[in-house]
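Trainee: I would like to go through this entry with you term by term, and for each label ask which value and which cut-off stand behind it.

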Amino acid sequence: MSELRQTAPSETPAAPELSLRAGRLARLLAIDERLLVGARRLHGPWRTRLARALTRAGDSSSWTVVVLLLLAAGRSSTVLSARLAAATLLGTLLSQGLKRSLHRPRPTSAIVGFEALAENPDRFSFPSGHTTAAFAAAVALAGAPFGLGPVALLLALGIGASRVYLGAHYPLDVAAGVLLGTVAGALARLGLGLAGL
C-alpha cells in the first residue's frame with residue numbers, strides 16, 4: 001500500500017496556473033492602458049479633426065452609403081456592393097456579439113479622470129466595431145478596380161488609429177478588430193464566392 005502511495009502522481013492544485021494566467025492578463029491590460037494614455041501626447045487640433053473625420057468614415061451609415069453608391073454604379077459593381085455589405089454586416093454582428101459577451105468597459109469608465117475626444121456609441125470596448133467593419137470592408141474590396149482595395153486598407157488603418165487617438169478604444173480592442181474584420185471579410189468573400197458572386 002505504501003508503494004502505491006509513492007508511485008501515484010501527486011495532485012497539483014489548479015490555482016497557481018490560473019493565477020499565473022490572470023497575472024499575465026493583468027499585465028497585458030496594464031500595458032494596453034499605458035499605451036492608450038501615452039497616445040494623448042500626440043493630441044493636437046488638426047490631428048483631432050482628422051481623427052474625428054476618420055471615425056465618422058467608419059460609422060455604419062458611411063458603409064451603407066458606399067454600398068448604395070456601388071449599387072447605383074450599375075451591374076459591374078454589384079459583386080463589390082454585395083461583398084462590402086456582407087463583410088461589414090458580418091463584422092458588425094461578430095464585434096457586437098463579442099462586446100456584449102465580454103463587457104470590457106470603455107476607457108472613460110475604467111480609467112479615473114480619462115476623457116475621450118469622441119462620443120461612445122455603446123458602453124463596451126472590446127473589440128472595436130469601427131475597426132472590425134473597416135477591415136472587413138478592406139478585405140471585401142481587395143483587388144477591386146480603380147485602386148479601391150489599397151484606399152480601403154489605408155482608410156481602415158486610419159479608422160483603427162483614430163479610435164485609439166480619440167480615446168474610444170484601447171490598442172488591444174483595435175488589434176482584435178483588425179483580426180475579426182479580416183476574418184469577416186474573408187468569410188463574406190468565401191460565402192459569396194460559393195454562391196456564385
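Mentor: What follows is a set of questions about the labels used for this predicted model, each answered from its value.

Trainee: What makes up the protein chain in terms of helices and strands, and how much of the chain is buried?

Mentor: The protein chain holds nine helices and zero strands, and along the sequence the pattern reads α-α-α-α-α-α-α-α-α. Of its 197 residues, 36% are buried, a label that requires a relative accessible area under 20%. Among the contacts between residues at least 6 apart in sequence, 76% join residues at least 24 apart.

Trainee: Why is Ser-62 called partly exposed?

Mentor: Ser-62 has a relative accessible area of 22%; buried would need a value under 20% and exposed one over 50%, so Ser-62 counts as partly exposed. Ser-62 sits in helix H4, residues 60-72.

Trainee: How do you know that the side chain of Ser-62 makes a polar contact with the backbone of Arg-56?

Mentor: The side chain of Ser-62 reaches the backbone oxygen of Arg-56 at 2.8 Å, and the limit for a polar contact is 3.5 Å, so the pair qualifies. Once neighbours within four places in sequence are left aside, Ser-62 is in contact with Arg-56 and Ala-57.

Trainee: Why are H4 and H5 called roughly antiparallel?

Mentor: The axes of H4 and helix H5, residues 78-102, come within 8 Å and cross at roughly 160°. Because angles over 145 degrees count as roughly antiparallel, H4 is roughly antiparallel to H5. The residues of this contact of H4 with H5 divide into eight nonpolar, two polar and no charged, and the crossing of the two helices is left-handed.

Trainee: Which residues of H4 and H5 meet in that contact?

Mentor: From H4 there are Trp-63, Val-66, Val-67, Leu-70 and Leu-71, which meet Leu-80, Ser-81, Leu-84, Ala-85 and Thr-88 in H5.

Trainee: What makes H7 and H8 roughly antiparallel?

Mentor: Helix H7, residues 129-140, and helix H8, residues 148-165, pack at an angle of about 170° with their axes 8 Å apart. That angle stands against a limit of 145 degrees, above which a pair counts as roughly antiparallel, and H7 and H8 are therefore given that label. Their contact divides into nine nonpolar residues, three polar and one charged. Among the participants are His-130, Thr-131 and Phe-135 in H7, together with Leu-153, Ile-159 and Arg-163 in H8.

Trainee: Why, then, are H3 and H8 called oblique?

Mentor: Helix H3, residues 45-57, packs on H8 at an angle of about 120°, with the axes 8 Å apart. Roughly perpendicular runs from 65 to 115 degrees and roughly antiparallel begins over 145, so the angle falls in neither range and H3 and H8 are oblique to each other. The contact is made by residues including Arg-47, Ala-51 and Leu-54 of H3 and Leu-155, Ser-162 and Tyr-165 of H8, and the residues of this contact divide into six nonpolar, four polar and two charged.

Trainee: Is Thr-132 buried or exposed, and what does Thr-132 touch?

Mentor: The relative accessibility of Thr-132 is 0%, and buried means under 20%, so Thr-132 counts as buried. Thr-132 lies in helix H7 and, not counting residues up to four places away in sequence, touches Gly-91, Ser-95, Pro-127, Gly-177, Leu-180 and Gly-181.

Trainee: What makes the backbone at His-103 and Phe-146 worth a remark, and how is each residue classed by accessibility?

Mentor: Most residues other than glycine have a negative phi. His-103, in the loop between H5 and H6, has a positive phi of about 60° although it is not a glycine; at 45% relative accessibility, which lies between the limits of 20% and 50%, His-103 counts as partly exposed. Phe-146, in the loop between H7 and H8, has a positive phi near 65°, and with 82% relative accessibility, set against the limit of over 50%, Phe-146 counts as exposed.

Trainee: How do you know that the peptide bond from Phe-126 to Pro-127 is cis?

Mentor: Omega for the bond from Phe-126 to Pro-127 is near -5°, and the bond is cis, whereas most peptide bonds are trans. Pro-127 belongs to the loop between helix H6 (107-110) and H7.

Key:
Residues numbered from 1 in each chain as written. Predicted model: local features only at pLDDT ≥ 70, side-chain atom pairs only at ≥ 80, totals over all residues. Heavy atoms only, no water. Helix = DSSP H or I, 4+ residues; strand = E, 2+ residues; numbered from the N terminus. Buried < 20%, exposed > 50% of the residue type's maximum accessible area, 1.4 Å probe, protein only. Contact = heavy atoms within 4.5 Å. Polar contact = N/O pair within 3.5 Å; in protein donor to acceptor, adjacent residues only side chain to side chain. Axes fitted to C-alpha atoms, helices over the stretch in contact; angles between N-to-C directions. Parallel < 35°, antiparallel > 145°, perpendicular 65-115°, else oblique. Left-handed = near helix turned anticlockwise from the far one by under 90°. Nonpolar A, V, L, I, M, F, W, Y, C, P; charged D, E, K, R; others polar.
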